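Here are some notes on the model, set out as numbered points so that each can be checked against the coordinates. They begin with a pocket and go on to helices and backbone geometry.

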Amino acid sequence: MMTDFTGEHTWLQIQHELSLRKLIEGSEYQEDLKYDFNIKGELRHLDTNESFVFNYYKSRFEQNHKRYEVLGHFITQYVYELLERVCMLQKVYIPTDATEDEPRSFFFMSKNALTSSSSLIILLQDRGVFCAGQWGQKTIVRDGLRHGTQIPFIKMALQSHWEVIVLNPNDNFVDLRSEKHHFSTREEAVTFTQSVWWIPKRGSSSPEEHTMYVWDHFISKSAAKNVAFIAHGYGGLVFVDLLVQRRCEVMNKVFSVAFIDSVHNTQHQTRNNPQIQEWILKCCREWVSNSKPLNKTVDFLLRTNCPTVSAGTEKCGLAPSCCLHAIFKYLKSSLKAKTVTAFRHSPIATRSSTKKRANK
């Protein structure tokens, strides 16, 4: 069962089964967080139908921030449920050889992601406190699930009969004091380096390490011959790091990359390697937040990269959702071009060549 967040019957059915409110009930914040997602996937107050109010405790920043953090935690759990029960993705724990009591991370993938020969789409988000399935937590709170989650991308990939892997690059540490996973970036964890309570997760202590681990143990071993990445923000830098570290593997298996407001630096990260730079120029395209209409060329001075076009919005948080259809159109076009090229270069069987092989 899939949702398009606009079909009322479908969304109401899902909302009845999966509710953010059900997750919040029973917590100490159940009265202060009387919110749920409506049939359009928008976060609204149950009594007033208003959007989320940050300044709930008047001029008390720490309490308001804590309340927002708690909301973010419940949203994360809610999105996880949507990934598993609506998108029908499977949760895969890593490292694969972890002991029973070892802190683990995880990611999500479609049922046949490793065994199907269909194209495989990898979703890699920006750096932040948000986890798998989210482009941005603030965007979810402010603009809703259609804009802030990766679910529309997952839906479109599955409807195109492609497989999906949803990475979880920001799930890096475990907080032993609360015995709960702490979703943090490396910079945020620096303030706790003197504490023994913050333990990095093996194979996922950074977005780069997490992505490399999933590539080495899953993506590179998948049956898919055509892999594409959709990388947002810091995720673009992480992909280029993977490209540099696993150059031949990535170039052979990945047919295209769609960057969204990426922070990668081609020249610096590739150390001016002409082969890698040529591959990026040929196989990648970037959508950036800009005032120009969608897909209009955007030029950057002193930046050697790949073709860059407008995402059709100046709001960074809305960039992924605004260029969703443009990205999939580009990926499908890239895949078709690769298929045509491969066909042209493949040996063509003729009667004479078949007869020669038979006489050998």
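1. Which helices and strands each supply at least two residues of the lining of the second largest pocket? In this predicted model, the contributors at that level are the helices α10 (247-253), α12 (274-283) and α14 (324-345), together with the strands β11 (254-260) and β12 (284-288). Of these, α14 gives the most to the lining, with 7 residues.

2. The second largest pocket holds about 460 Å³ of space, and of the 19 residues that line it, those closest to its centre are F255, K282, C283, S334 and K338. Sorted by character, the lining of the second largest pocket comprises 11 nonpolar, 5 polar and 3 charged residues. When inspecting the pocket, a reader may wish to start from the central residues, F255 and K338 among them.

3. Helix α12, one of the elements that supply the lining of the second largest pocket, also packs with another helix. The axes of α12 and α9 (residues 234-245) come within 11 Å and cross at roughly 135°, an angle that makes α9 oblique to α12. The crossing in which α9 passes α12 is right-handed.

4. Helix α9 has a further helix to be considered alongside it, namely α8 (residues 207-217). The axes of α8 and α9 are 9 Å apart, and the two helices pack at an angle of about 50°, which means that α8 is oblique to α9. The crossing of α8 and α9 is right-handed.

5. Is α8 largely enclosed or largely open? Helix α8 is largely enclosed by the rest of the structure, because 8 of its 11 residues are buried. The buried residues of α8 are P207, E208, H210, T211, M212, Y213, V214 and W215, a list in which E208 may catch the eye, since buried here means a relative accessible area under 20%.

6. Within α8, H210 deserves separate inspection. H210 has a relative accessible area of 0%, so this residue counts as buried. In space, the C-alpha of H210 lies 5.6 Å from that of P169, although 41 residues separate H210 and P169 in sequence.

7. Helix α6 (residues 151-159) is likewise mostly covered, with 7 of its 9 residues buried. The buried residues of α6 are I151, P152, F153, I154, K155, M156 and A157, and K155 is therefore included among those that fall under the 20% limit for relative accessible area. After α6 comes H161, where phi is positive, near 65°.

8. Two further residues with positive phi should be looked at in the backbone. N49, which is not a glycine, has a positive phi of about 65°, and its place is in the loop between β2 (43-45) and α3 (61-85). N295, also a residue other than glycine, has a positive phi near 75° and sits in the loop between β12 and β13 (308-310). With a relative accessibility of 37%, N295 counts as partly exposed, because that class lies between the limits of 20% for buried and 50% for exposed.

9. Where is the cis peptide bond that joins I94 and P95 to be placed in the fold? The bond itself has an omega of about 0°, and P95 is found in the loop between β3 (90-94) and β4 (105-109).

Notes:
Residues are numbered from 1 along each chain as its sequence is written. This is a predicted model: local features need pLDDT of at least 70, side-chain atom pairs count only at pLDDT 80 or more; totals for chains, interfaces and linings use all residues. Side-chain values use heavy atoms; hydrogens and water are left out. On a 1 Å grid over the protein atoms alone, a cavity is a set of points where a 1.4 Å probe fits but cannot get out, and a pocket is an open set with protein on both sides within 12 Å along at least five of seven lines; lining residues have an atom within 4 Å of a point. Grid points are joined across faces, edges and corners, and a volume is the space filled by probe spheres set on the points. Helices (H or I, at least four residues) and strands (E, at least two) are DSSP runs, numbered from the N terminus. Ala, Val, Leu, Ile, Met, Phe, Trp, Tyr, Cys and Pro count as nonpolar, Asp, Glu, Lys and Arg as charged, and the others, Gly among them, as polar. Buried means under 20% relative accessible area, exposed over 50%, partly exposed in between (1.4 Å probe, protein chains only). Axes are lines fitted to C-alpha atoms, for helices over the stretch in contact, and angles run from 0 to 180 degrees between N-to-C directions. Angles under 35 degrees count as roughly parallel, over 145 as roughly antiparallel, 65 to 115 as roughly perpendicular and the rest as oblique. A crossing is left-handed if the near helix is turned anticlockwise from the far one by less than a right angle, and right-handed if clockwise.
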